[in-house]
Amino acid sequence: MQYGHFDDANREYVITTPHTPYPWINYLGTENFFGLISHTGGGYSFYKDARMRRLTRYRYNNVPTDAGGRCYYINDGGDIWSPSWSPAQTDLDFFEARHGLSYTTITGERGGIRAEMLFLVPLGTNAEIHRIRLTNTTEDQRSFDLFSLAEFNLWNAADDTTNYQRNLNLGEVEVVGSTIYHTTEYRERRNHYAVYGVNADIAGFDSDRESFFGLRGNWTRPEVVANGTSKGSIASGWAPIGSHHLSINLAPGEERDLVFVLGYIENEEDSKWESRGIVNKENATALLATYSTSEAVDRAMTELREYWDALLGQMQVTTADQRIDRLLNVWNPYQCMVTFNMSRSASYFETGLGRGMGFRDSSQDLLGFVHLIPERARERILDVAATQFPDGSAYHQYQPLTKRGNNEVGTGFNDDPLWLIEGTAAYVVETGDLSILDEDVPFDNDIDDSAPLLEHLRRSYQHVLDHRGPHGLPLIGRADWNDCLNLNAFSTTPGESFQTTEHKEGGTAESVFIAGLFVHSANLYAQLLDATGMASEAHEVRAQAAKMSHVVLEHGWDGEWFLRAYDAYGNAVGSSKNEEGQIFIESNGICSMAGIGAETGHTRQAADSVKSLLDTDHGIVLHQPAFTRFHVELGEISTYPPGYKENGSIFCHTNPWMMITEAMLGNGEQAFAYWSKIAPTFREDISDLHRTEPYVYAQTIAGRDAPRHGEAKNSWLTGTAAWNWVAITQYILGVRPEIEGLRIDPQLPRALEAIDVVRRCRGAQYRIHIDNSDTDAATVRVDGEPIEGSVIPYARAGAVVDVTVTT
Ligand code: BGC
Ligand code: NOJ
């Protein structure tokens with residue numbers, strides 16, 4: 001069952017009912033100012049950092065209710081409704097939400113009044129624009145009242161939601177004309193305030209929550225809305241809000257646009273005040289003036305569309321299957337941009353309170369982003385690297401506002417450092433920009449201790465070599481990619497975090513996954529060394545990678561698949577000898593991708609074992625059998641009921657590792673089959689089971705051991721977006737930037753007979769036609785001439801290269 005459909009021409013998902021299984025959200029903003037917006041207008045906005053600079057309030061544990069957000073109410077002679085259905089929740093004659101690229105429109109109609117609302121953050125602007133187009137669709141003159149409501153957050157969202165004894169005594173506002181200024185804490189150390197204005201005269205306003213709702217009022221029927229008049233309240237302590245009241249008169253057929261602006265303003269320390277106690281509103285006034293007309297909003301929309309046209313133009317694919325095209329041409333890269341911007345901080349499944357930018361996560365997100373905006377990828381790599389410690393280890397997360405490591409989440413995830421190599425290599429092969437390796441980057445943000453980026457990579461690599469265990473495999477530390485495989489935690493205290501609890505003495509547990517990742521990234525690191533003329537070091541690095549491969553085959557092979565780890569007692573994890581957790585996808589995927597045992601057939605065997613033991617109708621589960629009881633020696637993985645999250649769900653992030661493996665083994669058919677099980681556009685028609693948005697990947701889909709097998713959770717912020725992008729575009733379509741040139745090596749399912757790909761890389765454009773009709777040997781022709789092998793040397797910037805491939 002579906003709750004809407006794709007509008008491919010407009011690159012929108014059209015939701016035709018408020019009653020989706022979950023709030024289905026979108027993101028506004030592209031660079032510094034962001035909003036999360038559900039299809040009924042829920043969500044919030046923030047400047048740069050969801051935790052530290054939150055503008056509007058969110059009500060937690062809010063799925064599916066989705067209370068709060070961008071609230072607009074109409075009181076039409078006592079009939080109270082909201083154009084986005086929420087918050088009034090009155091039935092509508094017509095409802096439609098369209099989530100587009102960095103904007104959303106929501107249209108509601110009732111009783112002959114139509115309200116079409118457009119929400120966007122214009123490029124380069126620290127504000128949300130809400131344009132409301134009101135239309136009288138009847139033959140009669142109509143008069144009604146419109147009320148807005150934004151509930152301000154007192155900046156630090158974590159404090160806002162916990163520290164009431166202080167916060168309920170802090171709130172301050174100023175109101176001038178049609179504009180409400182939220183100025184809490186501006187009197188002291190803050191130099192920023194929020195502004196909420198509208199380009200029309202108002203009949204009244206409120207800025208105090210209790211006055212607006214009334215003592216018995218609620219979100220659906222606030223007292224002020226029900227009474228049809230504002231109270232002119234000025235917040236002082238308690239909860240500051242912004243609410244405008246507009247009296248609207250529309251002639252038959254008349255249309256009227258209102259532009260609301262909800263913005264973030266910063267002032268220099270010495271120009272904070274206009275006069276004593278009166279904030280300097282110059283910047284706010286300029287912002288409001290910029291968006292004082294509907295035409296200005298149209299222009300901002302046009303710019304936004306052009307911005308996305310250019311970005312998506314980096315790669316466009318035409319096949320016979322719309323589900324493929326719309327995902328690759330629009331939604332997958334869009335999700336890659338969102339994960340790049342948010343890491344794992346703010347979604348409807350991540351509160352925006354705790355988790356900032358992940359070292360591991362952001363590094364992997366780059367894999368799907370480097371081709372979109374290489375300059376921003378470059379900056380991100382340097383930011384991430386600056387949170388590395390001198391010994392090569394790293395903070396697990398950092399806050400985007402300060403760019404400093406987040407102590408609360410700690411360090412010691414021994415895979416973290418290697419992902420920096422992966423992200424950097426992806427950037428370098430995409431751009432050819434080796435100069436990034438020379439950039440001077442601090443360790444732990446200490447400017448007195450810095451080194452070129454290449455030295456950071458060296459320490460990442462060395463950190464693994466310096467931390468090996470009894471079998472010569474890398475020590476796992478707190479955990480590896482699987483945050484919940486906590487082999488040194490032995491936590492028995494209820495509520496204690498497995499992620500931060502101290503390691504038990506020694507901590508000798510080893511990870512086959514990190515071994516595989518080491519081999520994979522060491523080979524990339526060696527390529528970077530070669531490219532910078534350090535051939536002898538490259539040789540040494542390759543030798544260490546080869547040695548690690550041997551160790552894996554000797555101590556990390558169970559007979560039919562790769563083991564997962566050794567626990568702190570030296571017992572194998574992920575072995576047929578175990579009662580539960582006999583085979584895991586992660587080590588099989590990463591070791592195969594690293595080419596460990598490719599020539600000896602281990603890889604093929606591992607891939608076959610994964611297929612026969614872990615594949616389901618909804619994707620590949622993490623491991624089998626799922627853990628049915630708590631294993632103190634394994635940690636958080638065994639806390640989830642079987643089939644959820646790290647305990648044997650379909651953790652979609654890992655599935656592309658098997659797609660890549662299958663493609664590397666020449667089995668495009670299987671690679672594609674795996675993708676089509678987890679790809680959101682392929683799951684659209686089971687939206688009632690899948691439940692999260694059909695336009696973005698989810699992190700996890702309940703595995704075969706869970707009662708709701710096939711139900712997705714944690715949509716949007718997941719490495720699934722970047723890794724699927726890599727698997728499909730680089731290994732199945734096979735268009736893969738490498739150091740020497742663009743490799744074209746498609747591994748396609750038979751059903752896809754002909755494909756056209758336009759790929760821009762290093763300033764040149766490659767127009768690639770793939771003919772997948774049954775021929776024996778693959779041939780690649782460049783401008784009509786067959787070439788040796790499948791790597792096309794990079795063409796000069798501006799060149800157009802025609803490539804034909806027959807497979
Ligand atoms: C989740 C992991 C997540 C970790 C982060 C765990 O509870 O299962 O997926 O990475 O928390 O703190
Ligand atoms: C989500 C985390 O963000 C990611 O870093 C981790 O690899 C997976 N969970 C698996 O635990």
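Analyst: Ground rule for what follows: a polar contact is a pair of N or O atoms within 3.5 Å; inside the protein, one atom must be able to donate a hydrogen and the other to accept it, and residues adjacent in sequence count only if both atoms are side-chain atoms. This is a predicted model, where local features need pLDDT of at least 70 and side-chain atom pairs count only at pLDDT 80 or more, while totals for chains, interfaces and linings use all residues. Residues are numbered from 1 along each chain as its sequence is written, chains are lettered from A and ligands numbered from 1 in the order written, and side-chain values use heavy atoms, with hydrogens and water left out.

User: What makes Asp361 a polar contact of ligand 2?

Analyst: An N or O atom in the Asp361 side chain is 2.6 Å from an oxygen atom of ligand 2, so the pair is within the 3.5 Å limit. Backbone atoms join in too: a polar one of Trp481 is 2.5 Å from a ligand 2 oxygen, and one of Asp483 is 3.0 Å from a ligand 2 oxygen. Of the 290 Å² of accessible area that ligand 2 has on its own, the protein covers 96% (Shrake-Rupley, 1.4 Å probe; for residues, only the protein chains shown count as cover).

User: Which side chains put an N or O atom by an oxygen of ligand 1?

Analyst: Glu636 at 2.4 Å, Lys645 at 2.9 Å and Glu646 at 2.6 Å. The protein covers 79% of the 310 Å² that ligand 1 has accessible on its own.

User: How many residues of the ligand 1 shell are called charged?

Analyst: Five, alongside two nonpolar and one polar. Asp, Glu, Lys and Arg count as charged; Ala, Val, Leu, Ile, Met, Phe, Trp, Tyr, Cys and Pro as nonpolar; the others, Gly among them, as polar. The ligand 2 shell has six charged, two polar and two nonpolar residues.

User: How do you know that the length of H7 agrees with a helix?

Analyst: The expected span is 1.5 Å times one less than the number of residues. The 21 residues of H7 (322-342) should therefore span 30 Å, and the end C-alpha atoms are 28 Å apart, which agrees.

User: Why is H7 called mostly covered?

Analyst: Buried means under 20% relative accessible area, and 19 of the 21 residues of H7 are buried.

User: What caps the N-terminal end of H7?

Analyst: Asp321, with a side-chain oxygen 2.9 Å from the backbone nitrogen of Arg323.

Technical notes:
Helix = DSSP H or I, 4+ residues; strand = E, 2+ residues; numbered from the N terminus. Buried < 20%, exposed > 50% of the residue type's maximum accessible area, 1.4 Å probe, protein only.
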